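Let's take a friendly walk through a protein model. Have a look at the chain first, and then we will go through its loops, its sheet and its cores.

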Amino acid sequence: MKDHDWVILGAGEFGKEIYNIFFKNSKKKLVFFVDDYVKKKKFLKKKIIQFDKLFQSKKTYNFVLAILDKNVRKKKISQISKYKNLIPKNLIHDNTYLYNNFKFGKGNILYPNSNINYGSNLGNFNILQFNSSVGHNSKIEDNCFIGSNSTISSNCLLKKNIFLGANSNISRNIKIGSGAHIAPSTLIYKNIKRNMKVLSLPRLIFSKIKI
């Protein structure tokens, strides 16, 4: 089965990072970047087009969603799902460690040295950055960002639209509600309700997220 050409949705710094890590020295064919606001014709020597033109195209593309803001990502995921010519593929670096008996959704981005242990479940459109780790029998739902050097222990549940800052650690058997924002270098040792912002300096501090 012939593989389709790739597009990166997002022509900002995160799009540049995705290009350099996953496409620059790869056999994957990246044809262009896509963005809402096109101020220049090219980005990293690749053409930039607006989302409207992409949606009008009759050609089929694999795509990666290079947008960091979880709320913007959520809106784009809903918008993109209406178009059958855009295929969300998992973007997995060669230096990723995937163990037996795990389940995968679509549109995920797994950076170098990230790993998912046995029996774990990864939903759709999640980002696992450098050296992040998911313990056995844990579940991450959709549109979650797992920062570099973060560890999710075994038997944890992360609901949708969660931000987990770099160098954070989640203890075993923890449940984190949807929309939670966990600051970098935070140790999570108790369950977190939905839409909570969490710090640990030196104790857990909770505050309601304004939506």
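Leu44 sits in the loop between strand E3 (42-43) and strand E4 (46-50). Helices (H or I, at least four residues) and strands (E, at least two) are DSSP runs, numbered from the N terminus. The model is predicted, so local features need pLDDT of at least 70 and side-chain atom pairs count only at pLDDT 80 or more, while totals for chains, interfaces and linings use all residues. Residues are numbered from 1 along each chain as its sequence is written, and side-chain values use heavy atoms, with hydrogens and water left out.

**Two unusual loop residues**

Most residues other than glycine have a negative phi. Leu44 is not a glycine, yet its phi is positive, at about 55°. Asn161 is not a glycine either, and its phi is positive too, at about 60°. Are these residues buried or exposed, or something in between? The table tells you, with buried meaning under 20% relative accessible area, exposed over 50%, and partly exposed in between (1.4 Å probe, protein chains only).

| Residue | Phi | Loop between | Relative accessible area |
|---|---|---|---|
| Leu44 | about 55° | E3 (42-43) and E4 (46-50) | 29%, partly exposed |
| Asn161 | about 60° | E18 (157-158) and E19 (163-164) | 15%, buried |

**The sheet and its helices**

E3 and E4 also belong to an open sheet of 6 strands, in the order E3-E4-E2-E1-E5-E6 with mixed pairing. Two strands pair if DSSP finds at least two bridges between them. E3 and strand E6 (86-88) are the edge strands, each pairing on one side only. Strand E5 (residues 61-65) pairs with E6 in the parallel sense over 3 bridges, and Asn62 has Ile87 in E6 as its bridge partner.

Helix H3 (residues 70-80) packs on this sheet and touches E1, E5 and E6. Contact here means heavy atoms within 4.5 Å.

In helix H1 (residues 13-23), the buried residues are Phe14, Gly15, Ile18, Tyr19, Phe22 and Phe23. Seen down the axis of H1, they fall within an arc of 140° (taken from the directions from the helix axis to the C-beta atoms), so they line one face of the helix.

**Two cores**

A nonpolar core is a set of buried Ala, Val, Leu, Ile, Met, Phe, Trp, Tyr and Cys residues joined through side-chain atoms within 4.5 Å. The largest has 22 residues, and Ile140, Ile152, Leu158, Ile170 and Ile176 touch the most other members. A second, separate core of 19 residues includes Ala66, Leu91, Ile109 and Phe145.

Notes
Axes are lines fitted to C-alpha atoms, for helices over the stretch in contact, and angles run from 0 to 180 degrees between N-to-C directions.
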